[in-house]
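Student: I would like a close look at how one helix sits among its neighbours in this protein. Could you take me through it slowly, with the contacts named residue by residue?

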Amino acid sequence: MGESGRGKAILVGPMGSGKSTVGRALAQRLGAELVDLDAVIVERAGRAIPEIFAAEGEAGFRDREQAALEEVAARPGPLVVATGGGVVLREANRRTMAANGTVVYLRADVETLLERTAGDANRPLLQVNDPRAKLEALQAEREPLYRQAHLIVDTPGRTAQEVAEEILARLDSADPGAVD
C-alpha cells in the first residue's frame, strides 16, 4: 500500500456506497484483514445497531463508534477498514482516519444508495417515511466531510472487484494522495 497508506485503507461514504462489499474485495486483493467497524461496535455492545440507537440514541452510538475507530486505527499490520456512513461527522474521527491510513471515499448517487439500501431494517436512520429525502439530507450534510478523503472513487454501475482494482491502482500510483 505504500508509505502513505501506513498499511491501512479506510473506506468512508454513505450507507449503501459499498464500503463492506468493496472492503471484502480490497482486503482479499491486498491479503489484509477486513475490519467492519459496525461489526466491532455490535460485538462490543452485545446488541444490534438499531438496538443501540433505540437505547442510547445516535450520540451514544457515535461515542461507541469513535472508541472502536481509535482501537482499530491503532492495530498494527495491513488492514482494510469499512466504516459506518456517519463516522465522518466527528472531527476527531476524521483526524484519526487521516493520520492512520489512506482514506477512500466511495461515492454514489442517491438513486444508487436507495436501490442498495431498500428494505434494510438494520439502517436506523432510514426507518422514516421518505428514505430518499433522508438520504438526500444526509448526503448534503456529509458530502463535504467525505470529500476530505485522500482518494475519491465512484461506485455506481461497477462491481466491487472493479472498484477494488481502481483503489489498488491508485494506491500504487506515484501520487496516491491525488483526488478526483
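Tutor: What follows looks closely at helix α7 and its surroundings, and then turns to another helix pair for comparison. Please keep in mind throughout that this is a predicted model.

It helps to place the helix in the whole chain before looking at its residues. The chain has eight helices and five strands, and along the sequence these elements come in the order α-β-α-β-α-α-β-α-β-α-α-β-α. Of its 180 residues, 47% count as buried, and the surface that the chain exposes amounts to about 8,200 Å², of which carbon and sulfur atoms supply 49%. Among contacts between residues with a separation of 6 or more, 74% join residues that are 24 or more positions apart.

Helix α7 covers residues 131-146, and one of its packing partners is helix α6, which covers residues 110-117. The axes of α6 and α7 lie 10 Å apart and make an angle of about 125 degrees; an angle over 115 but not over 145 degrees falls in the oblique class, and α6 and α7 are therefore oblique to each other. The crossing of α6 past α7 is right-handed. On the α6 side the contact is made by Val110, Glu111, Leu113, Leu114 and Thr117, and on the α7 side by Pro131, Arg132, Leu135 and Glu136. Sorted by class, this contact consists of five nonpolar residues, one polar residue and three charged residues.

Two further residues of α7 deserve separate attention, namely Gln139 and Glu141. Gln139 has a relative accessibility of 13%, and because buried means under 20%, Gln139 is counted as buried. Leaving aside residues up to four places away in sequence, Gln139 touches Pro14, Tyr105, Ala108 and Tyr146. Of these partners, Pro14 is separated from Gln139 by 125 residues in sequence, yet the C-alpha atoms of the two are 7.1 Å apart in space. Glu141, by contrast, has a relative accessibility of 46% and so counts as partly exposed. The C-alpha atom of Glu141 lies 8.9 Å from that of Leu89, a residue 52 positions away in sequence.

The other pair is formed by helix α2, residues 19-30, and helix α8, residues 160-172, whose axes come within 8 Å and cross at roughly 55 degrees. As with the previous pair, the class is oblique: α2 and α8 are therefore oblique to each other, and their crossing is right-handed. From α2 the contact draws on Thr21, Val22, Ala25, Leu26, Gln28, Arg29 and Leu30, while α8 contributes Ala160, Gln161, Val163, Ala164, Glu165, Ile167 and Leu168. By class, nine of these residues are nonpolar, three are polar and two are charged.

Gln28, which lies in α2, shows that a residue can take part in such a contact and still be exposed, with a relative accessible area of 62%. The C-alpha atoms of Gln28 and Gln161 are separated by 9.9 Å, although the two residues are 133 positions apart along the chain. Set side by side, the three residues examined one at a time fall into three classes of accessibility: Gln139 is buried, Glu141 is partly exposed and Gln28 is exposed.

Conventions:
Residues are numbered from 1 along each chain as its sequence is written. This is a predicted model: local features need pLDDT of at least 70, side-chain atom pairs count only at pLDDT 80 or more; totals for chains, interfaces and linings use all residues. Side-chain values use heavy atoms; hydrogens and water are left out. Axes are lines fitted to C-alpha atoms, for helices over the stretch in contact, and angles run from 0 to 180 degrees between N-to-C directions. Helices (H or I, at least four residues) and strands (E, at least two) are DSSP runs, numbered from the N terminus. Angles under 35 degrees count as roughly parallel, over 145 as roughly antiparallel, 65 to 115 as roughly perpendicular and the rest as oblique. A crossing is left-handed if the near helix is turned anticlockwise from the far one by less than a right angle, and right-handed if clockwise. Contact means heavy atoms within 4.5 Å. Ala, Val, Leu, Ile, Met, Phe, Trp, Tyr, Cys and Pro count as nonpolar, Asp, Glu, Lys and Arg as charged, and the others, Gly among them, as polar. Buried means under 20% relative accessible area, exposed over 50%, partly exposed in between (1.4 Å probe, protein chains only). Accessible areas come from the Shrake-Rupley method with a 1.4 Å probe; for residues, only the protein chains shown count as cover.
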